[in-house]
Amino acid sequence: MATETLLPSASPVRFVAEDGTRADQHGGYGEPSRERLKEAYRLMVLGRRFDVQATALTKQGRLAVYPSSAGQEACQVAAALTLAKQDWLFPTYRDSVALIARGLKPGEVLTLLRGDAHCGYNPAETRVAPQCTPLATQTLHATGLAHAMQRRGEDGVALALIGDGATSEGDFHEALNFAAVFKAPVVFFVQNNRYAISVPFEKQSAAAALAYKGIGYGMRSEQVDGNDAVAVLSVLDDAVKHARDKNGPVLVEAHTYRIDAHTNADDATRYREADEVAKWREADPVTRLETYLKAQKTLSDNEIEQFRSDAEDFAQTVRDTLNAEPELDPLSLFDHVYAEPTRHLEAQRAALKAELEA
Amino acid sequence: MTTTMAQALNAAMRDALKDDDNVVVFGEDVGALGGVFRVTDGITADFGEDRCFDTPLAEAGIVGFAVGMAMGGFRPVVEMQFDAFAYPAFEQITSHVAKLRNRTRGALSLPMVIRIPYAGGIGGVEHHCDSSEAYYTHTPGLRVVTPGTAQDAYDLLRDAIDSPDPVVFLEPKCRYWSSEEVSFTRSGPAMDQAVVRRPGKDVTLIAYGPMVATALETAEAAKEEGWDVEVVDLRSLSPFDDETVTASVRRTGRAVVVHEAAGFGGYGAEVVARVTEQCFHQLHAPVLRVTGLDIPFPAPKLERHQLPDVDRILDTIARLQWADTPVVAGA
């Protein structure tokens with residue numbers, strides 16, 4: 001494949017400027033349908049409300065921890081919307097909103113962060129891998145699974161979500177290399193939100209853009225304005241189609257920003273200035289899409305009101321779900337360590353049972 | 001026909017590939033070359049590149065890719081080439097391979113085998129001779145097995161490939177070329193069972209992998225000293241077969257655990273603890289260990305000092321004359 005065809009656009013693909021007016025850096029990509037964009041907007045409003053609610057729930061002790069993705073809704077929603085039912089999503093701990101957009105229930109999504117279990121949904125049914133905590137390790141799983149689907153003649157694509165910090169990990173590079181060599185139908189979607197906990201992008205990588213990482217592996221790459229939902233959706237749609245059409249993997253870097261701290265336990269004022277955050281708040285992906293769709297007469301005030309009201313109802317569902325403490329069975333600790341429990345585990349289970357009954 | 005352990009492993013993979021279309025073999029150099037030890041010799045030629053293929057040189061990549069393929073319905077058998085080369089894949093093995101079933105409450109399983117040629121005795125240079133079993137046995141969710149004979153190489157690898165759990169399959173590379181008559185009928189004991197390789201009355205030698213042959217040699221040599229030595233081959237390091245081991249030690253009243261890995265914090269400590277807890281009243285002496293030294297694996301010309309040998313094991317058996325009852329039967 002000629003290197004030129006792998007090169008990302010010179011500047012991030014953008015359909016909508018920060019003020020919501022039409023921009024023209026779309027590099028030949030087609031604009032998604034109005035209905036699709038309206039659905040993206042609906043989910044972004046929902047996702048923002050979910051994120052605010054989850055953060056609030058950490059303060060009430062209902063969640064052990066919550067890593068906010070506020071400001072990254074365009075990326076989160078597009079990642080879910082671009083995938084078909086048979087495709088696999090490989091999320092990280094920060095990608096709860098993507099899971100909501102994929103159709104998972106709040107209780108399923110928050111099980112991990114609430115501390116009830118390591119995964120609250122059935123990955124085999126939802127085709128969503130467990131939210132991954134070690135960085136970049138899931139990019140290899142996505143690659144292997146994409147290869148497996150291709151070998152079986154299935155039509156599936158795997159999309160792995162990672163952050164800027166994860167691109168420094170060895171597994172990320174091994175995954176890109178494997179994916180390119182095996183021409184696996186996988187999309188690596190990097191949400192470059194500028195900080196890996198406290199370490200700014202400038203200290204993370206000397207690359208002009210992470211999108212350039214793909215070329216050396218022989219992989220098509222692209223960069224996109226991560227706060228422009230129209231652009232993210234368009235670029236990801238194209239990337240997924242590229243992979244589905246057996247043209248090999250794609251690396252997409254979205255330039256975005258994490259508005260809140262790494263998690264509720266982090267103090268972001270220690271490592272970044274307030275005016276930087278304020279500047280990025282101006283680039284808010286939700287209001288940008290709203291302004292654009294209103295100007296395009298795709299979205300009415302009534303619809304916006306309806307979406308917000310639905311999001312409020314959803315927040316109530318989130319609260320109700322989290323307020324109902326599920327009963328956890330300590331004896332279930334011994335389940336699913338092996339296909340069949342070993343004698344050691346049966347003995348330990350009996351000991352714990354006796355302890356509980358004493 | 002006699003078969004070497006390497007050939008027995010090769011036959012096990014071939015038979016598994018024939019029996020189940022989902023079985024795939026991959027790793028570095030496993031294709032045209034047939035692996036650096038030729039354990040996958042001819043498999044690509046006979047089964048095609050779809051079933052046995054070379055990957056880029058990246059151990060975390062090989063194991064992580066196998067995780068995805070197993071999630072997608074395949075049964076990967078991957079080769080790590082050498083013990084210490086598997087360390088880059090350690091995170092994938094401990095954080096993902098071992099835990100996916102548990103994390104997903106049984107919704108996903110990883111029926112995969114990670115083959116690791118391990119231990120010394122072949123004059124290998126550094127990073128080619130580690131005994132890394134304790135790292136893996138310390139990880140819940142993994143099964144860890146190691147054959148001591150060519151027959152077990154076939155049986156255990158067939159069982160490991162069929163296992164619904166991920167298996168770390170440790171191949172004692174110094175035994176690759178030892179040969180014996182092998183039956184390919186899979187009539188041996190189950191994968192998680194230890195076996196008494198040689199019955200004896202006075203002391204139980206507990207060994208596995210490369211040390212099984214050494215323990216059997218020791219038992220022969222001990223006859224001259226008047227000691228009747230029982231040899232137990234663990235086969236499965238995790239889970240551990242308490243029943244076979246404790247039954248033996250209760251019979252003999254004395255036990256020595258032999259392994260090549262460093263002793264401190266090693267696998268033998270677990271065996272000693274379990275035997276002591278379960279056989280205390282039958283023991284005539286403390287359970288002792290003969291292990292590798294607590295040093296990084298030495299350079300080839302010095303490795304003989306690292307490896308437990310017959311003399312060192314005999315000396316340790318001699319130390320077992322702790323109580324009134326002598327080790328030497330009838331003496």
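**Nonpolar cores and helix packing**

In this predicted model, the largest nonpolar core (a set of buried Ala, Val, Leu, Ile, Met, Phe, Trp, Tyr and Cys residues joined through side-chain atoms within 4.5 Å, where buried means under 20% relative accessible area with a 1.4 Å probe and protein chains only) has 80 residues, and those with the most contacts inside it are B:Met71 and B:Leu234. Helix α3 of chain B (residues 59-71) supplies the largest share of this core, eight residues, helices being DSSP runs of H or I with at least four residues, numbered from the N terminus. Apart from neighbours within four places in sequence, B:Met71 is in contact (heavy atoms within 4.5 Å) with residues of chain A, including A:Trp88, A:Phe90 and A:Leu145, and with B:Leu100, B:Leu108 and B:Leu110. A second, separate core holds 67 residues, among them A:Ala78 and A:Val187.

Within chain A, helix α5 (residues 106-114) packs against helix α13 (residues 301-323) at an angle of about 50 degrees, with axes 10 Å apart, the axes being lines fitted to C-alpha atoms over the stretch in contact and the angles running from 0 to 180 degrees between N-to-C directions. Here A:Pro106, A:Gly107, A:Leu110 and A:Arg114 of α5(A) meet A:Phe314, A:Val318, A:Thr321 and A:Leu322 of α13(A). Helices α2 (residues 34-59) and α10 (residues 229-244) of chain A pack at about 115 degrees, with axes 11 Å apart.

Residues are numbered from 1 along each chain as its sequence is written, and chains are lettered from A and ligands numbered from 1 in the order in which they are written. Local features need pLDDT of at least 70 and side-chain atom pairs count only at pLDDT 80 or more, whereas totals for chains, interfaces and linings use all residues, and side-chain values use heavy atoms, with hydrogens and water left out.

Definitions and conventions
Buried means under 20% relative accessible area, exposed over 50%, partly exposed in between (1.4 Å probe, protein chains only). Helices (H or I, at least four residues) and strands (E, at least two) are DSSP runs, numbered from the N terminus.
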